[in-house]
Structures are given as structure tokens and as C-alpha cells.
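Grab your viewer and a coffee, and let's work through a few exercises. Try each one yourself before reading the solution.

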Amino acid sequence: MDKILILDFGSQTTQLIGRRIRDLGVYTEIIPGDSVINDETPGTARADQVRGIILSGSPESVYDRGAAPDRRVYSCGLPLLGICYGLQRMNFDQGGRVEPLPEREYGRIGVTVGKKPAPHNAAARFLEALDSRFTAWMSHGDTLTALAPGLGEYGTSDTGYPAVVIHDEKPWFGLQFHPEVTHCERGAEILSAFVFGVCGCSAGWTMERYVEEVRASLGARIGKNPVLLLVSGGVDSTVAGALLLNALESDQVHLMYMDTGLMRRDETETVRANLERLGAKRLHIIRCGDEFLSALKGVTEPEAKRRIIGDLFITIQEREVARLGLPDTYFLAQGTLYTDLIESGQGVGKKAHLIKSHHNVGSPLVDLKRKAGRIIEPLDRLYKDEVRRLGRILGVDEEVVRRHPFPGPGLAVRIPGEVTREKCDILREADAIFIEELKRRPAPRADGDAPAAAGDGFVKNGGAGGRSLYDDIWQAFAVLLPVRSVGVAGDVRKYGWVLALRAITSADGMTADVYPFPARDLLEISTRITNSVKDIGRVTYDISSKPPATIEWE
Ligand code: XMP
């Protein structure tokens with residue numbers, strides 16, 4: 001399968017480049033910008049399908065701390081595309097000059113493409129994608145002040161600096177702007193011209209093909225050995241389970257799910273039904289709610305709660321896995337995604353500083369299996385939306401495929417203060433109503449108008465063909481606050497708990513904006529909650545973005 005290699009110099013948009021090209025049907029792989037380029041890289045059996053290399057952007061400067069690619073990038077004979085820093089790097093490494101701008105250029109900037117004839121056929125195919133005038137998207141503090149020998153300027157930004165650069169003889173291209181960013185006009189066409197027109201890739205990256213590849217490689221690696229996967233009920237682990245069940249004999253596939261008592265309403269039964277429908281025969285549901293609730297008794301400090309949950313998770317996991325009595329040769333599967341690898345700095349990308357350490361509960365079992373070379377991560381080449389697509393192909397229930405993320409410590413981080421069974425029950429009830437309402441209410445139209453409510457006060461099912469509020473929101477949930485407030489029921493004063501609703505939009509959970517609810521939806525949802533959950537007296541909406549707040553409350 002044809003592949004485009006992306007050398008990552010640390011830009012925030014490197015992943016986007018990878019995503020955009022995959023959307024065109026071509027497989028991409030991101031490796032650190034300074035990786036050794038040798039027979040092990042574009043030359044090997046797997047890598048000889050590399051058809052072109054992209055040099056990404058970077059927050060650094062070429063003349064300062066910016067990393068350089070292995071010089072062999074320039075002699076391997078493959079087409080190159082330098083984006084922003086990637087272009088500056090190419091120019092600098094070939095003997096050109098790069099200097100700081102008097103003022104950083106940021107945002108939409110016009111580019112004019114001159115009438116100079118294309119120096120070679122690849123350049124002609126590349127230039128076809130560019131209009132004579134278009135609005136690009138830029139973010140750079142340095143610029144090219146003298147082009148290296150062999151490089152020519154074919155497009156100029158409105159500020160007068162080179163924006164499109166092409167080599168006279170080699171299939172080397174450079175853009176001072178970011179075609180991967182949606183605000184960049186013709187961005188997809190430009191990437192497409194490089195990938196198909198210049199590199200000659202064919203669009204062979206499909207989820208059907210991925211399933212075939214995984215089937216073959218898992219079969220060869222695992223043979224008849226058992227595989228154990230810990231499932232949480234979320235998208236990643238469910239799709240990983242579906243893939244294992246599709247690729248292996250169902251008797252081989254052990255799925256373990258821990259009901260910590262901190263789950264949402266009906267979660268365990270839904271997980272069971274979904275996995276059984278996918279063909280699971282060896283499903284081990286561990287009900288350990290009592291253990292978790294007694295370990296959390298009297299504990300109010302957020303970090304202490306997280307620590308207790310993490311530790312107990314590991315203890316129970318080890319105990320229960322031992323109880324299964326699997327032979328030592330068993331494999332441990334994980335639903336790790338491509339972005340998880342990048343974020344944890346494991347060999348790909350440069351973004352180690354983005355690790356969400358508190359989310360990755362270290363597990364001795366995983367360490368042990370990794371040392372023994374018996375970990376399998378069948379989703380580790382996929383982005384989240386590709387996992388969703390894969391899930392659909394494998395027949396994973398749509399409700400799971402489009403599900404919002406749910407944190408490992410579950411409702412415990414949504415009950416500030418002490419966690420008790422009673423509070424979990426109240427929160428489960430209120431949260432289920434909130435989510436049910438979001439699923440049946442249509443999303444506002446793209447023009448920003450709130451949808452009209454139906455006569456009964458509740459709008460009709462948002463799922464009937466259109467997008468629902470739930471689909472419009474990245475993550476939504478309820479939080480039970482440790483506060484009682486006064487209200488009236490008939491003639492009597494009554495004290496009820498305060499519930500906070502949270503709904504955010506986000507790209508990846510790293511930052512988040514508050515979801516701008518149509519007011520009517522919030523009012524109706526609040527009314528339904530206070531009418532149905534007797535212990536809740538008041539509902540509030542959390543209007544904090546991340547940063548400074550986090551998505552969860554603890
Ligand atoms: P925060 O609260 O850090 O959350 O803004 C970002 C995203 O991560 C989820 N989250 C977790 N996921 N284990 C997980 O698997 C955890 O301990 C954890 N804490 C937060 C959170 O729901 C949001 O999607």
C-alpha cells in the first residue's frame with residue numbers, strides 16, 4: 001500500500017496533515033523529524049511503499065533549536081513537501097537564508113501565484129492545484145530571505161515573501177502556509193496534487209483493507225493462543241474487541257469488564273449485550289462495586305480518590321486475570337490509538353509534553369506483557385474517526401460508535417466530595433435523563449437558529465434522520481455537587497442536591513469550549529430532571545471553558 005511519511009518537527013498541525021491525507025485514501029505515518037532515514041526507513045519491505053515525504057511545521061527556528069532531518073532525506077530520491085518550517089528547513093539545509101520577520105504572520109493571508117512556467121512535469125501537476133489568487137492560512141515568525149540554489153519562487157504572499165517554492169529539477173515543493181488547515185483555500189486540492197499528482201499514490205487506504213491486513217497479521221502472530229482484552233464499554237475497547245472477534249476464533253478471545261459501581265445507568269448490561277452480539281463467548285464481567293465503594297468511604301480529596309481507584313483497579317485486574325488461569329503464552333490486547341502513541345511520545349511524533357499522565361493508569365500487567373513482547377494493539381495505526389468507521393464496518397452498535405468519552409474513574413470524579421452508593425444512584429438517574437434528552441433533540445441548524453420546539457414542550461427525536469444535540473456535543477454529563485439548596489414542594493420547604501450539567505465542544509479533549517445550548521433545551525431538560533429525580537432541587541449549567549477549567553470536575 002502506498003504511503004506518505006511525515007517528519008514531525010513539533011507543529012500542532014502535524015497530525016492534521018496526516019488526517020487530511022488519510023481522508024484522501026492514502027496511508028500516512030508520522031515519525032520524529034530527526035529520525036534516521038536509512039534502509040530501515042523508506043527502503044525496507046514495509047517502507048518501500050513510501051511514495052513521498054512531508055516535512056512538517058515547527059514552533060522552533062532553523063537557526064536556533066529546530067531539529068534537522070537526516071541529510072539522506074535530500075538524497076533518497078523521493079518527492080518532498082516542506083510545510084512552513086519544513087520549507088524553511090529545506091531552504092536552509094540546501095544553503096538558502098532564513099531570517100526572523102519583523103512581525104509574526106498569523107491567520108489568513110493572500111497568495112499570488114506568478115505566471116512562471118512549471119520547471120518539470122511534477123511541478124506542472126502541483127501548480128494546477130493552485131489558483132492565481134487564493135487565501136492561505138499562515139503562522140510563522142521566520143521567512144525565506146534568500147532561496148537556496150535550485151529553488152525557485154512560484155507564489156508570493158501579500159506581505160511580499162515566498163509562499164510557494166519549487167525546485168528546478170527535483171520534485172521538491174515548499175509552502176510557507178498550512179494547506180492542512182481548513183481555513184486555507186484549496187488546501188485539500190494542494191495536498192491531493194502532491195500525493196496523487198507528484199507522488200503517484202493510489203488511494204488504497206480503506207477500513208475494509210485494514211480489516212484484511214489485521215486479520216492476516218493477528219492470525220500469524222497469535223496463532224491459537226488466547227488473547228485477553230480489558231473492555232470499558234467505550235468506543236476504542238469495543239471496536240478493538242470487535243476486531244479481535246472478527247479476526248480470531250471467538251473461543252480465543254477473552255474480554256474482561258470491571259463493573260466498578262461507578263458506571264452510568266444500565267452500562268454493564270448494555271456492554272454485555274453489545275459484546276455478545278459481536279460474537280463474544282468468553283466474556284468475564286467482574287462486579288466489584290462493593291470493593292470500590294468501601295475503599296472510597298470517607299475519602300473526599302480528589303487526588304486521593306483517583307489514586308484509590310487506580311490502585312484498586314490494578315489489584316482486582318491482577319487477581320481476576322490470575323483467576324482465569326490463562327497459559328503464560330496469552331497475549332494482552334489494548335485499544336491504543338495512533339494519537340495515544342503520539343501523545344505518549346512512544347516512537348512517533350514530538351509531542352511528548354502533551355501526555356495526559358493522570359489518564360494512563362500504569363499497570364504492572366501491561367508492563368510485564370510488553371516486556372514479554374505479548375502486547376497487541378490492533379488500532380494503533382488509526383485515528384479516532386477511523387476507529388468509528390471501522391466499528392461501523394464490524395457491526396458495532398451505532399450507540400457505541402458515536403458515544404462520548406467516559407473517564408476511567410467513572411462517576412467518582414463527577415461527585416465532588418465523598419462518593420456513596422446513594423449519590424451514585426441519584427447521579428446515574430439525572431445523567432441518564434440528560435443524555436436521553438440530548439439524543440432525542442435535534443441540533444440547531446448550521447445557520448445558528450435554535451430548532452423550534454414541538455407543541456408538547458419537547459421536540460421530536462433528533463435521531464430521526466438529522467443530527468441530535470448529542471452528536472453536536474463532544475462530551476456531556478451531569479455532576480452531583482456536594483451542596484443542598486432550598487426549594488418548595490407544595491407548601492413545604494425542601495432541601496435538594498444541586499446538579500451541574502456540563503457540555504463541551506472539543507477536537508481532542510485537550511482544550512474545550514462550552515456548548516452554546518439553545519436556552520429552551522436547557523430549561524426543558526432542567527425541568528424534567530427536577531420533576532423526575534426527587535433528591536435534586538436545582539440544576540445549573542457549567543459555563544467554563546478548558547483552560548482554565550478541566551472537562552471533568554475532579
Ligand atoms: P480533563 O478533565 O482532564 O479531561 O479535562 C479530558 C478528557 O479525558 C477524560 N478523562 C479521563 N479519561 N481516565 C480516562 O480514561 C481518566 O482518569 C480521565 N480523566 C479525565 C475526560 O472525560 C475528558 O474526555
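The exercises below go through a predicted model, and each comes with a worked solution.

**Exercise 1. Find out which residues surround the ligand, and which polar contacts the ligand makes.**

Step 1: start with the shell. It has 14 residues, and the closest are Arg 306, Gln 475, Lys 546, Ile 551 and Glu 552.

Step 2: sort the shell by class. You should get five nonpolar, six polar and three charged residues.

Step 3: look for N and O pairs within 3.5 Å. The side chain of Glu 552 puts a polar atom 2.5 Å from a ligand oxygen. For Arg 306, a side-chain N or O atom sits 2.7 Å from an oxygen of the ligand. Gly 408 joins in through its backbone, with a polar atom 3.2 Å from a ligand nitrogen.

Step 4: check the coverage. Taken alone, the ligand has 490 Å² of accessible area, and the protein covers 87% of that.

**Exercise 2. Place the ligand shell on the domain map.**

Step 1: write down the domains. The assignment gives domain 1 (3-198), domain 2 (207-401) and domain 3 (420-541).

Step 2: match the shell to them. Domain 2 and domain 3 each supply at least three residues.

Step 3: get a feel for the layout. Between the C-alpha centres of domain 1 and domain 3 you'll find 46 Å.

**Exercise 3. Work out why Cys 424 is not in a disulfide.**

Step 1: recall what you're looking for. A disulfide is a covalent bond between the sulfur atoms of two cysteines.

Step 2: find the closest partner. That is Cys 288, whose sulfur is 13 Å from the sulfur of Cys 424, so the pair is too far apart for a bond.

Step 3: check the surroundings. Cys 424 is buried, at 0% relative accessible area.

Step 4: widen the search. The structure holds zero disulfides. Cys 76 is unpaired too, with the nearest cysteine sulfur, in Cys 199, 11 Å away. Cys 76 is partly exposed, at 31% relative accessibility.

**Exercise 4. Hunt for unusual backbone geometry.**

Step 1: set your expectation. Most residues other than glycine have a negative phi, and most peptide bonds are trans.

Step 2: scan omega. The bond joining Lys 546 and Pro 547 is cis, at about -15°, and the one from Pro 547 to Pro 548 is cis as well, near 5°. Pro 547 belongs to the segment after β18 (536-541).

Step 3: scan phi. Cys 84 comes up at about 55°, in the loop between β4 (80-83) and α3 (85-93). Asp 266 has a phi of about 60° and lies in the loop between β11 (253-259) and α8 (267-277).

Conventions. Residues are numbered from 1 along each chain as its sequence is written. This is a predicted model: local features need pLDDT of at least 70, side-chain atom pairs count only at pLDDT 80 or more; totals for chains, interfaces and linings use all residues. Side-chain values use heavy atoms; hydrogens and water are left out. A residue is near a molecule or strand if one of its heavy atoms lies within 4 Å of it. A polar contact is a pair of N or O atoms within 3.5 Å; within protein, one must be able to donate a hydrogen and the other to accept it, and residues adjacent in sequence count only if both atoms are side-chain atoms. Accessible areas come from the Shrake-Rupley method with a 1.4 Å probe; for residues, only the protein chains shown count as cover. Ala, Val, Leu, Ile, Met, Phe, Trp, Tyr, Cys and Pro count as nonpolar, Asp, Glu, Lys and Arg as charged, and the others, Gly among them, as polar. Domain bounds come from an automatic or database domain assignment. A disulfide is a pair of cysteine sulfur atoms within 2.5 Å. Buried means under 20% relative accessible area, exposed over 50%, partly exposed in between (1.4 Å probe, protein chains only). Helices (H or I, at least four residues) and strands (E, at least two) are DSSP runs, numbered from the N terminus.
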